[in-house]
Amino acid sequence: SAAEKGGYASFMLKEIAEQPKAVADTLLGRIDGAGRLTLDEVRIPGAVLREADKVVIVACGTAFHAGLIAKYAIEHWTRIPCEVELASEFRYRDPILDQRTLVIAISQSGETMDTLMALRHAREQGAKVLAVCNTNGSTIPRESDAVLYTHAGPEVAVASTKAFLTQLVACYLLALYLGQVRGTQWGDEIHAVVRDLARIGDDVERVLETMEPVRALARSLADKDTVLFLGRHVGYPVALEGALKLKELAYMHAEGFAAGELKHGPIALVEEDLPVVVVVPSPRGRSVLHDKIVSNIQEIRARGARTIVIAEEGDDAVVPYADHLVRIPATPTLLQPLVATVPLQVFACELATARGNEVDQPRNLAKSVTVE
Ligand code: G6P
């Protein structure tokens, strides 16, 4: 009903708007005054976390994209090798698992059958399973060794938005906690990131306040057939998520690519006026990445692409090559997906609405898929 939607035209719009609070709620009580992670609720003994020699993340759909991003954070901050796999592929390839493997199962609903079967398989092999889940008492956390709940609140729209941002937050917390428990060379960086993470809800809020040009752009592209998305590093899974949202909601052909792969195929798709969304990493920090993506933007634009560039405030290098520029607040590279995904959600939602689609209940999709 209209009341349940809190004055918004759809649950999806309401849930997009709730993201700053969802992020803040998921952080609440998990960082102490001294900037240390306090994840006591993760009842996996410290010894297990210290001795883990591999992390394997399993998930489906949008949660899988959160897992892809988590891999960058986990490997960087903990130096533990991390694999990410679609839950539906996982157990059928006879994965290598043992007592020293920490499996992270990410699921908003806690009921996705593919993810549940993957975690059962992992436990049968002796691995420890930690669920990242948004639904109290659902099957996946009940069958796991431990759970870190995301506090997004109920997500009604089929396409996941606020749950995704909170999955990212939970994964960052876990990665930082693993780093803290094991002791890492990144002690100072971890402190700085924890501080940035604690304020990131405000950055998400600022992004939401500047979305009108993105909505206007989305409406202007309503009759397009294809939109491509490019990113590097954590921007690559963000590109995949932007494309997934557009498929789910707008029923358009949308694909996400690693920008470095352009020359190995996707650039053949670029033609006059093709919209290409590019997620640009921060020019600070890993500047090599930034320079490379700026050349990628030049390459596609020279071939006629209409470039939609998502770049940090103050990043001037992209300005000459951006047909449309979407500014996001500066964040540490690994945290950028929390702000960079938001314009892509708004873009997909508005474009789908302009095409006359029902955004809360896209055709052929279910909120929670309880069959394999
Ligand atoms: C369905 C939903 C997606 C979701 C996926 C995984 O396909 O439509 O939005 O990402 O399931 O769901 P889960 O509840 O396991 O996160």
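**Group meeting: a predicted protein–ligand model**

Gly6 sits in the segment before α1. I begin there, at the start of the chain, and I should say at once that the structure is a predicted model. Gly6 counts as exposed, because it has 11 C-beta neighbours inside 10 Å, and the limit for an exposed residue is 12 or fewer. Between the C-alpha atoms of Gly6 and Ala73, which are 67 residues apart along the chain, the separation is 35 Å.

Let me turn to confidence and overall form. The average pLDDT of the protein is 95, and 99% of the residues score at least 70. For the model as a whole, the ipTM is 0.96 and the pTM is 0.97. The protein contains 13 helices and ten strands. Its C-alpha trace spans about 55 × 45 × 45 Å along the principal axes. The radius of gyration is 20 Å, which agrees with the value near 21 Å for a compact globule of 372 residues. Of those 372 residues, 52% are buried. Among contacts between residues at least 6 apart in sequence, 74% join residues at least 24 apart.

I come next to helix α2, residues 19-27. Which of its residues are buried? They are Gln19, Pro20, Ala22, Val23, Thr26 and Leu27. These residues lie on the same side of α2, because they cover an arc of only 165 degrees around the axis. As a reminder, an α-helix has 3.6 residues a turn, so residues three or four places apart point the same way. What covers the buried residues of α2? The covering elements include α1 (11-17), α8 (162-182), α9 (187-209) and α13 (337-354). After α2 comes Gly29, which has a positive phi, near 75 degrees.

Two residues other than glycine also deserve attention for their backbone angles. The first I shall take is Arg79, with a positive phi near 60 degrees. Arg79 is placed in the loop between α4 and β2 (82-86). Arg79 is partly exposed, because 14 other C-beta atoms lie within 10 Å. Then there is His233, where phi is positive and near 55 degrees. The loop that holds His233 runs between β6 (226-231) and α11 (235-250). Is His233 buried or exposed? His233 is buried, because it has 23 other C-beta atoms within 10 Å, and 20 or more is the requirement.

Now to the ligand. There are 16 residues around the ligand, and those that come nearest are Gly61, Ser107, Gln108, Ser109 and Thr112. Which element gives the largest share of this shell? That is helix α4 (residues 61-78), with three residues. By class, the shell consists of six nonpolar, nine polar and one charged residues.

For a view of the interior, consider Val132, in strand β4 (residues 128-133). Val132 is buried, because 31 other C-beta atoms lie within 10 Å. Beyond its neighbours within four places in sequence, Val132 is in contact with Ile104, Ile106, Leu148, Thr150, Gln167, Ala170 and Cys171. With Cys171, the sequence separation is 39 residues, while the C-alpha atoms are separated by 7.9 Å.

Glu143 offers another case. Glu143 is located in the loop between α7 (139-142) and β5 (146-149). With 16 C-beta neighbours inside 10 Å, Glu143 counts as partly exposed. Setting aside neighbours within four places in sequence, Glu143 is in contact with Leu116, Leu119 and Arg120. Glu143 and Ala131 are twelve residues apart in sequence, and their C-alpha atoms are 8.9 Å apart in space.

I close with Asp316, in the loop between β9 (306-312) and β10 (324-328). Why does Asp316 count as exposed? The reason is its C-beta count: Asp316 has 8 neighbours inside 10 Å. From Asp316 to Thr210, 106 residues apart along the chain, the separation between C-alpha atoms is 19 Å.

To recapitulate: α2 places its buried residues on the same side of the helix, helix α4 supplies the largest share of the shell around the ligand, and Val132 is buried in strand β4. Thank you.

Conventions. Residues are numbered from 1 along each chain as its sequence is written. This is a predicted model: local features need pLDDT of at least 70, side-chain atom pairs count only at pLDDT 80 or more; totals for chains, interfaces and linings use all residues. Helices (H or I, at least four residues) and strands (E, at least two) are DSSP runs, numbered from the N terminus. The arc is that of the directions from the helix axis to the C-beta atoms. Two residues are in contact if their C-beta atoms, placed from the backbone, lie within 7 Å. A residue is near a molecule or strand if its C-beta atom, placed from the backbone, lies within 6 Å of it. Ala, Val, Leu, Ile, Met, Phe, Trp, Tyr, Cys and Pro count as nonpolar, Asp, Glu, Lys and Arg as charged, and the others, Gly among them, as polar. pLDDT is the predictor's confidence in each residue, from 0 to 100. The radius of gyration is taken over C-alpha atoms; the globule rule is 2.2 Å times the number of residues to the power 0.38.
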